[in-house]
2 protein chains.
Amino acid sequence: MSLVVQKYGGSSVADADCIKRVAKRIVDTKKAGHDVVVVVSAMGDTTDELIDLAQQVSPLPPARELDMLLTAGERISMALLAMAIANLGFEARSFTGSQAGVITDSVHGKARIIDVTPGRIREALDQDQIAIVAGFQGVSQDTKDVTTLGRGGSDTTAVALAAALGAEVCEIYTDVDGVFSADPRLVRTARRLPRITYEEMLEMAACGAKVLHLRCVEYARRYGIPVHVRSSFSNREGTWVVDGTDNDMEQAIISGVAHDRSEAKITVVGVPDKPGEAAAIFRTVADAEINIDMVVQNVSSSASGRTDISFTLPKSDGQAAMAALAKVQDQIGFESLQYDDQIGKVSLIGAGMRSHPGVTAKFFEALANVGVNIEMISTSEIRISVVCREQDVPAAVAAAHEAFELGAEDEQAIVYGGTGR
Amino acid sequence: MSLVVQKYGGSSVADADCIKRVAKRIVDTKKAGHDVVVVVSAMGDTTDELIDLAQQVSPLPPARELDMLLTAGERISMALLAMAIANLGFEARSFTGSQAGVITDSVHGKARIIDVTPGRIREALDQDQIAIVAGFQGVSQDTKDVTTLGRGGSDTTAVALAAALGAEVCEIYTDVDGVFSADPRLVRTARRLPRITYEEMLEMAACGAKVLHLRCVEYARRYGIPVHVRSSFSNREGTWVVDGTDNDMEQAIISGVAHDRSEAKITVVGVPDKPGEAAAIFRTVADAEINIDMVVQNVSSSASGRTDISFTLPKSDGQAAMAALAKVQDQIGFESLQYDDQIGKVSLIGAGMRSHPGVTAKFFEALANVGVNIEMISTSEIRISVVCREQDVPAAVAAAHEAFELGAEDEQAIVYGGTGR
C-alpha cells in the first residue's frame with residue numbers, strides 16, 4: 001500500500017457538484033489500495049470575495065488579520081470535501097495547516113515552510129482515514145499565528161506534505177492536462193509533455209508557465225518527490241515532473257517555450273560609471289522588497305562617463321520601484337528614469353541545450369524571420385530568454401515552437417488557465 | 001483600568017458598515033480607559049449559508065466536519081473586525097476559540113466548555129491590544145478537534161472568558177435594548193427591565209425569552225459575572241443581570257412574562273398504572289437525547305388501572321420522540337400516542353413571588369378573564385408556567401402583564417428579535 005498526496009485547486013472545487021466529483025476521484029484512489037492525503041484550495045472565487053470584504057472595512061488590512069481571514073476559505077472547502085467523501089461511505093478528516101503540522105516563519109502573506117510535523121495526518125492514515133489538509137496555510141513557529149504561504153501555496157503544501165510523509169507521488173490536479181510545449185492558446189499544435197525534469201520545470205515556472213509554481217517545484221526537487229500534474233476533469237495521464245539525472249537517451253533538446261507578459265522594464269538613464277552605482281540602485285529596489293528579473297547594463301560611452309541600466313520586474317511592483325528610485329535620484333546622480341510596461345518575455349527551455357551548440361543561433365534566427373526585435377537577453381545553462389515588444393509575443397512563441405519542431409498533431413490541448421494558490 | 005468583555009451577535013456585524021460601527025464602539029470603550037476583549041459571532045446569514053453548502057454535498061454531514069465548516073464563519077467576522085479596529089488606529093488581534101483557550105468536551109455541535117486558559121488573550125491585553133475572540137467555538141480536550149458550542153454559544157464564550165479573565169462586566173450587544181417585561185411585539189407597554197437577578201433571567205430564558213441563553217446565564221451566575229444586555233444600535237443602558245442576594249428592598253414581585261411557542265405536547269394514553277412505567281417512558285425519550293420540559297400525569301381511574309402521561313418538548317424533537325416511543329409501545333403496554341403542536345407556554349417570573357402569596361390566583365384569574373383555558377401547570381419558587389392553546393398566547397401574555405401592572409408608558413420598546421448563537 002503506497003501513499004499518494006493529491007492537490008486540488010480552487011477551480012476543481014468551485015461548487016458543490018465539483019466537490020462531489022473530486023470526492024469520487026479521491027475515493028477511487030483509496031479503493032485502488034492507496035493511502036490518500038488530499039490538499040485543497042479555497043473554492044473558486046472565495047479568496048477574492050474575502051479580499052473584497054477586507055477592503056470594505058480597511059484600505060490597508062494588517063497582514064496577520066488578512067491571513068486569519070483568507071484561511072477561512074480552505075477551512076470551508078476542506079470540511080465540505082470531507083463531508084462529500086463521508087457521504088460515499090469512506091472516513092475522512094479535515095485538518096487546518098496548523099493541525100497538519102505545517103510550520104512556517106512569521107512573514108504573513110508569504111510565509112515559508114520551515115518544518116512539517118504531520119503527526120495527526122499519520123494518525124488519521126493509521127486509522128484508515130482519508131486526510132484532507134487545507135492548502136496555502138500554516139502556523140508560525142514563533143508566534144503561533146496563522147500564516148498563508150502566498151502564491152502557489154497549496155501546491156507547496158502538497159509537495160511538502162508528500163516529502164514529510166514519504167509519499168510515492170504528489171498529484172497536482174488542475175484545469176489543464178499537464179505541462180505543454182507552449183501555451184496552447186498561442187500555439188495550436190502545442191504538445192503535452194509526458195515528462196519534464198525539475199530543472200526544466202523550474203525554468204518554465206520562472207519564465208511564465210503558470211501550471212506549477214516555482215516554490216513547489218523547488219521543494220519537489222530538493223526532496224526528490226515525483227510530481228504528476230494532471231487534469232481533475234479527465235482521467236488522462238498528465239505530465240510527470242521528475243529527476244533528470246538518470247541516463248535518458250531520448251531526452252529532447254528543447255522541452256518547451258514559455259512566455260510572460262506580466263513584467264515591465266525600468267531603465268535608469270545616465271548612471272555615473274563608477275563602482276558602487278549599480279549596487280546602490282539595486283539596493284534601493286531590494287529594500288522596497290521588489291524582486292527583479294533580468295538586468296542589462298549598456299557599455300559606457302567613455303565620452304560621457306555615464307551608462308544606462310535596464311532591468312525587468314513584475315508590473316505590479318512597477319510604481320513602487322519607480323517611487324523608490326526617484327527618491328534617491330540626487331544621491332545616486334542618474335539623469336532620469338524610464339518605465340515601459342509594453343514588454344514581453346519569451347523563453348526557450350531544455351536540459352538538452354547544455355550539450356547542443358547552435359540553439360541560441362537557431363532561436364534568434366527564428367525570431368528574426370518573423371520580424372521580432374530582441375531588446376534584452378538572459379541565459380542559464382538550460383534556458384534562453386529574450387525580451388521583445390509585448391505584441392510580438394505570440395509570433396515569437398509560435399516561431400520558436402515551430403523552429404524546434406515541438407508540436408504534435410495527434411493531441412489537442414485543453415483550455416489553458418491557472419489559479420493563484 | 002478595568003477589563004470589559006463585549007459580545008456582538010451576528011446582526012451587529014452583518015456587513016462591512018455594521019462591522020465598522022461596532023469597531024468604533026469598541027475603540028470608544030478602549031479610549032475610555034478599559035481593557036477590552038470582544039467576542040464575535042459569524043456575520044448575519046453566514047452560518048445558514050454554510051449549512052446550506054453542507055447539505056448540498058451531504059444529507060447527513062459528519063458532526064466533526066460540520067463544526068470545522070461552521071467555525072469559518074467567526075474566523076471571517078473576527079478578522080474583519082480586527083482590521084476595522086486597526087483602521088481606527090488601535091491594535092487588535094483576532095483569536096480562534098482554540099487560540100483563546102476555550103477548551104471543551106468532544107460533543108461536536110453542542111460541546112460544553114470545561115476549561116478556559118486565556119494565556120494568549122492576557123498577553124495581547126498586556127501589550128495594550130484589543131483581543132477579538134471567535135464566539136461559539138472551542139477545541140476539544142481529548143482529540144484537539146475544533147468544536148462548536150451550539151445555540152447561545154457566543155454568549156457563553158463571552159461569559160466564560162469574562163470569568164476566566166476576572167472581567168468587571170460582560171456586555172452582551174444585541175438588536176434589542178435589553179430584557180423586557182414581555183415581548184414588545186405582543187405587549188405594546190412592555191417595559192425594559194433595568195435590573196434582573198440571575199435566577200429570574202434563568203427562568204426567563206428557559207421559558208422562551210430569546211435575548212439571553214440559559215447556558216450563558218448559568219455560567220454568569222456560577223462565577224458571579226455581571227452581564228449587561230444592551231443594543232449595539234444605541235447608547236442606552238440596557239438590562240443588568242446580577243446577583244439577587246443583596247438586600248434589595250424595592251425588588252419587584254414580578255419581573256416579567258415570558259412565552260414560548262416552540263414546544264409540542266405528547267400524551268401517552270393508557271399507561272398501566274404500576275411502578276416503573278413512567279420511568280420506562282422517560283428513559284426512552286432520554287435515550288433519544290431529547291430534553292423534555294413539563295410533565296403531567298393524570299390521576300389514575302381505579303376502574304381501568306391505567307393513566308395518561310403528558311409532557312412537552314421542543315417541536316423540533318417531536319418526530320424523533322414519537323418514533324422512539326412507538327417502538328416501545330408493546331413493551332411498555334400503553335394504548336396510544338397523541339401529538340399536539342398547537343400549544344403555547346406562558347410564564348410569570350419574579351423572585352418576589354417567594355414571599356408574596358396570591359400570585360398564582362391572580363395569574364389564573366387574569367387568564368380566565370380573557371377566556372384562556374389552562375391545560376398544564378408547572379411551578380418553581382420564582383415562576384408559574386401554564387400551557388394553553390397556541391392562538392391564546394398573545395391574550396394570555398397581555399392579560400398577565402396588565403394584571404401585575406408591569407407596563408410603562410414612558411419607554412417604547414425597540415423591535416424584538418434574537419439570534420441563535
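In the predicted model, helix α9 of chain A, which comprises residues 318-327, contains the buried residues A:G318, A:A321, A:M322, A:A324 and A:L325. Because these residues cover an arc of only 165 degrees around the axis, they lie on the same side of α9(A). The other side of α9(A) carries A:Q319 and A:K327, both of which are exposed. The packing partners of the buried residues of α9(A) are five elements of chain A, namely β14 (263-272), α8 (277-287), β16 (306-314), α10 (329-332) and β17 (336-340).

On a wider scale, chain A is divided into domain 1, covering residues 3-175, and domain 2, covering residues 268-339; helix α9(A), at residues 318-327, falls within the bounds of domain 2. The centres of domain 1 and domain 2 of chain A, taken over C-alpha atoms, are separated by 41 Å.

The arrangement of the two chains was examined next. A turn of 180 degrees, with a shift of 0.0 Å along the axis, lays chain A on chain B with an RMSD of 0.1 Å, and this is the relation of a two-fold axis. Among the residues of chain A, the closest approach to the rotation axis is made by A:A72, whose C-alpha atom is at 2.5 Å. Of the interface residues of chain A, 100% are also interface residues in chain B, so the copies meet through the same surface.

Nonpolar side chains in soluble globular proteins tend to be buried together. In the present model, the largest nonpolar core has 72 residues, of which A:L80, A:L81, A:I132, B:L80, B:L81 and B:I132 touch the most other members. When neighbours within four places in sequence are left aside, B:L80 is in contact with A:L53, A:A54, A:V57 and A:L69 of chain A, as well as with B:I19 and B:M43 of chain B. The last of these, B:M43, is located in the loop between β2 (35-40) and α2 (46-57) of chain B, and with a relative accessible area of 9% B:M43 is buried. With residues up to four places away in sequence not counted, B:M43 touches A:L53 of chain A and, in chain B, B:G10, B:V13, B:A14, B:D15, B:I19, B:I76, B:S77 and B:L80. A:L53 is thus a contact of B:L80 and also of B:M43. By C-alpha atoms, B:M43 is 40 Å in space from B:M376, a residue 333 positions apart from B:M43 in sequence.

Two sets of positions in chain A are annotated in UniProt. An unreviewed entry gives the feature "binding site" for A:K7, A:Y8, A:G9, A:G10, A:T174, A:D175, A:R185, A:K210 and A:V211. These positions are spread over 205 residues of sequence and are also spread in space, with up to 24.6 Å between C-alpha atoms. One of them, A:K7, is in strand β1 (residues 3-8) of chain A and counts as buried because its relative accessibility is 3%.

The feature "binding site" is also placed by UniProt, in an unreviewed entry, at A:T47 and A:E74. Although these two positions span 28 residues in sequence, their C-alpha atoms are no more than 9.1 Å apart, so they gather at one spot. A:T47 belongs to helix α2 (residues 46-57) of chain A, whereas A:E74 belongs to helix α3 (residues 63-86) of chain A. A:T47 counts as buried at 13% relative accessibility, and A:E74 is likewise buried, with a relative accessible area of 0%.

Notes: Residues numbered from 1 in each chain as written. Chains lettered and ligands numbered in written order. Predicted model: local features only at pLDDT ≥ 70, side-chain atom pairs only at ≥ 80, totals over all residues. Heavy atoms only, no water. Buried < 20%, exposed > 50% of the residue type's maximum accessible area, 1.4 Å probe, protein only. Helix = DSSP H or I, 4+ residues; strand = E, 2+ residues; numbered from the N terminus. Arc of directions from axis to C-beta. Contact = heavy atoms within 4.5 Å. Least-squares fit on C-alpha atoms with pLDDT ≥ 70 in both. Domains from an automatic or database assignment. Core = buried A, V, L, I, M, F, W, Y, C linked by side-chain atoms within 4.5 Å. UniProt positions renumbered as here; feature names shortened; annotations may be inferred.
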